[in-house]
Amino acid sequence: MRQAKIQPYARHLFVCTGPRCAPGTSEQLFDSLGEKLKAHGLTSGALRVKRTRSHCFAVCKEGPIVVVYPEGVWYCTVTPEVMDRIIVEHLKGGVPVQEYIFHRAEVAGQTNNLE
Ligand code: FES
């Protein structure tokens, strides 16, 4: 088996940078993440966050859309201020920002006990 060299990470965060839900805004949001995650100590260590652009989540409105796994939490209308809250409250504190969640994915083999 071939093995990729990817550092361990606690969460994987996806930002839709597609053409329909928040053009321009979502790209800026994604680009700001590198510095923000670094400033919060989330680019290494036990809480490391891996970030990835997505082309489309098939929602296409109320963007920017941000999805965080393994919890399967989907956020909408993520402004830079909301992203700051997601970083502090969810990625560091483990408590999702309830008022911006619009979907919770059913993840096979995991209990979604984030109510
Ligand atoms: S373009 Fe963002 S969800 Fe479709």
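What follows looks at helix H1 and the largest nonpolar core in a predicted model.

Helix H1 runs over residues 25–39. Its length works out nicely: at 1.5 Å a residue, the 15 residues should span 21 Å, and the end C-alpha atoms are indeed 21 Å apart, so expectation and model agree. That said, H1 does bend, by about 35 degrees at Leu 33. After the helix comes Gly 41, with a positive phi near 70 degrees.

As for burial, Ser 26, Leu 29, Phe 30 and Leu 37 of H1 are buried. The cover over the buried residues of H1 includes strand E1 (11–16), strand E2 (49–54) and helix H2 (80–92). Asp 31, also in H1, is another story: it counts as exposed because it has just 12 C-beta neighbours inside 10 Å, and 12 or fewer is the cut-off for that label. Between Asp 31 and Arg 53 there are 9.8 Å in space, C-alpha to C-alpha, for a separation of 22 residues in sequence.

Turning to the core, the largest nonpolar one has 22 residues, and the members touching the most others are Ile 65, Val 66, Tyr 75, Val 78 and Ile 86. At least two residues each come from E1, H1, strand E3 (66–69), strand E4 (73–75) and H2. H2 is the top contributor, giving four residues. Leaving aside residues up to four places away in sequence, Val 66 touches Leu 13, Phe 14, Val 15, Tyr 75, Val 78 and Ile 86.

Terms used
Residues numbered from 1 in each chain as written. Predicted model: local features only at pLDDT ≥ 70, side-chain atom pairs only at ≥ 80, totals over all residues. Buried ≥ 20, exposed ≤ 12 C-beta atoms within 10 Å, placed from the backbone. Expected span 1.5 Å × (residues − 1). Bend = angle between axes of the 7 residues up to and from the residue. Contact = placed C-beta atoms within 7 Å. Core = buried A, V, L, I, M, F, W, Y, C linked by C-beta atoms within 7 Å.
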